[in-house]
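Grab a pen and have a go at these exercises before you peek at the solutions. Each one starts with a task and then walks you through the reasoning.

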Amino acid sequence: MRGTRGARILAGVVALAGVLCLWSLNAARAQSKPIVYVAPIEGLIDLGLAPFVRRVLDEAEARGAAAVVLKINTFGGRVDAAVLIRDTLLGAKVKTVAFVDKRAISAGALISLACHVIAMGDGATIGAATPVQLGGQGSTQPTDEKAVSYVRKEFRSTAEFRKRPPLLAEAMVDRDVAIPGLVEKGKLLTLTTSEALEHKLADFRADTVDGVLQQLGLGGAEVRHVSENWAEQLVRFLTHPILSSLLMTVGMLGIIVEMRTPGFGVPGALGITSLALFFWGHWLVRLAGWEEILLVGLGLLLLAVELFVTPGFGVIGVLGIGALIAGLTLSLIGAGATGAIVIGAVARVAVSLLVALMASIVLLRFLPKLPFGRQLILETGLAADTGYASAPESDRQWLGTQGTAVSPLRPAGIADIDGKRVDVVSQGEWIDAGAPIDVIRVDGNRIVVRRTRGGPEDER
């Protein structure tokens, strides 16, 4: 009896040990299952895409992933954005795979060349990477030789680093590079899947992500599809060329209107908010830094001094505009900025400033005539007799009187009223020196004037 019981106990122990062993083996297999990250590279290649790629690579390296597959379908984008992504890929410690699903044109080609492995699907293309600049009515035109030379060498060095044919990479950028039997001089190189495989630019053919993983020996890997989070999407939105130009224009418009009207209200708040959003987005993509922010702040300060302290427009105003344009321009260019990119950035800032100035003239002329407009620029409700503001007796005596502008009022300046020089501010319009003026309101310590109706200027 005792022998039988002992045998049963021994058998149970053996069975339990077997179960534990099988469980340990399965757990070990689950833990050793490779992980692969798949990230899309689609649409416009912009500076907001670089932080996304860096985050994916950092996460993959931290989790010990076997590979990161970039599913590419793009017509290209900014050169400096492609260079940032290229540098990140060349420094990656995890295997990177460019899966050209449909096309990798221009900046997309540089990103593909920077990966360890290039896989292309049937009907895919890669190449056509010469730098261009925007022309009139949205058209594009080639850039100068300096820009072409720079991008050409970026492509060549990337191809050499990944042991790919460097001449093919150069021919994608420079029309002067000819390859017998493949591309003649004067044409840009664009390769189909078959051509890329034949000339050793691509490594293998695959039509799906699963096909790519099978070719890499990772058919049983755990696939983790990643996409941009809300913060990265917001950054890409804020740094989009159209929106960033709009933010610059609204920012400068709000500040111009605020400086030319008394008090601090909606225009100033809107302007500061727009510029803050502009710099925040460009700060996150490593374009704007403290230097650019300080330059813009200095420019606004100098313009304020020119408008409120020194009559007329001179050296201080010119320096203020120069600092403003320089700060905003530097916030639009990044690594690998070519001459064309710099010129384009300067043009964008100059156009934004011009539009803001023209819009401010229109707003300050017509907005005071509207009920809500008068409230926005503090046109009403602040007179001494309303009870909301208290003007000194020495200033209230000028209400309803007439005088002459001694200095240009833009909008602040000096006027002669009853033989005394008085600091005044116009209600938004620019008044030349010598023009007759009427005191229409006294807001606290501000004497608000306008050009006398029916004066010489009106007659002209």
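A salt bridge here is a side-chain nitrogen of Lys or Arg within 4 Å of a carboxyl oxygen of Asp or Glu. Keep in mind that this is a predicted model.

**Exercise 1: a network of charges**

Task: Find out which residues are linked in a network of salt bridges, and look at how R152 and R156 take part.

Solution:

Step 1. Start with the total: by the rule above, the count comes to 13 salt bridges.

Step 2. Now pick out the network, in which R152, K153, R156, E160, E170 and D174 are linked by salt bridges.

Step 3. Zoom in on R152, which pairs up with D174 at 2.8 Å between the closest N and O atoms. R152 sits in helix α5 and D174 in the loop between α6 and β8 (190-192), so this pair ties together parts that are 22 residues apart in sequence.

Step 4. Check how covered these two are. Buried means under 20% relative accessible area. D174 has 5%, so count it as buried; R152 has 24%, so R152 is partly exposed.

Step 5. Do likewise for R156 and E170, whose side chains meet in a salt bridge at 2.5 Å, N to O. R156 belongs to helix α5 and E170 to helix α6, so the pair ties together parts that are 14 residues apart in sequence. With 3% relative accessibility E170 counts as buried, while R156, at 26%, is partly exposed.

**Exercise 2: two helices side by side**

Task: Work out how α5 and α6 are oriented: roughly parallel or roughly antiparallel?

Solution:

Step 1. Look at the axes of helix α5 (residues 145-161) and helix α6 (residues 166-173): they come within 8 Å and cross at roughly 155 degrees.

Step 2. Compare that angle with the cut-off: over 145 degrees counts as roughly antiparallel. So α5 and α6 are roughly antiparallel to each other.

Step 3. Finish with the hand of the crossing of α5 and α6, which is right-handed.

**Exercise 3: a salt bridge inside one helix**

Task: Explain why E59 and R55 are separated by about one helical turn.

Solution:

Step 1. Note the contact first: E59 and R55 form a salt bridge, with the closest N and O atoms 3.8 Å apart.

Step 2. Then count along the chain. E59 and R55 are four residues apart in helix α2 (residues 49-62), which means about one helical turn between them.

Step 3. Now the accessibility: E59 is partly exposed at 28%, and R55 is partly exposed at 26%.

**Exercise 4: a nonpolar patch on the surface**

Task: Which residues make the nonpolar surface patch, and which element gives the most to it?

Solution:

Step 1. List the members: L277, W280, W283, L284, W290 and L294 make a patch of about 640 Å².

Step 2. Sort them by element. The elements giving two or more residues are α11 (266-284) and α12 (290-308). The most comes from α11, with four residues.

Step 3. Take a closer look at L294, which is found in helix α12. Its relative accessibility is 59%, so L294 counts as exposed.

Step 4. Finally, compare sequence with space: L294 and L324 are 30 residues apart in sequence, and their C-alpha atoms are 9.5 Å apart.

Notes: Residues are numbered from 1 along each chain as its sequence is written. This is a predicted model: local features need pLDDT of at least 70, side-chain atom pairs count only at pLDDT 80 or more; totals for chains, interfaces and linings use all residues. Side-chain values use heavy atoms; hydrogens and water are left out. Patches are made of residues with over 30% relative accessible area and no salt bridge: like charges are joined within 9 Å, nonpolar side chains (Val, Leu, Ile, Met, Phe, Trp, Tyr) within 5 Å. Accessible areas come from the Shrake-Rupley method with a 1.4 Å probe; for residues, only the protein chains shown count as cover. Buried means under 20% relative accessible area, exposed over 50%, partly exposed in between (1.4 Å probe, protein chains only). Axes are lines fitted to C-alpha atoms, for helices over the stretch in contact, and angles run from 0 to 180 degrees between N-to-C directions. Angles under 35 degrees count as roughly parallel, over 145 as roughly antiparallel, 65 to 115 as roughly perpendicular and the rest as oblique. A crossing is left-handed if the near helix is turned anticlockwise from the far one by less than a right angle, and right-handed if clockwise.
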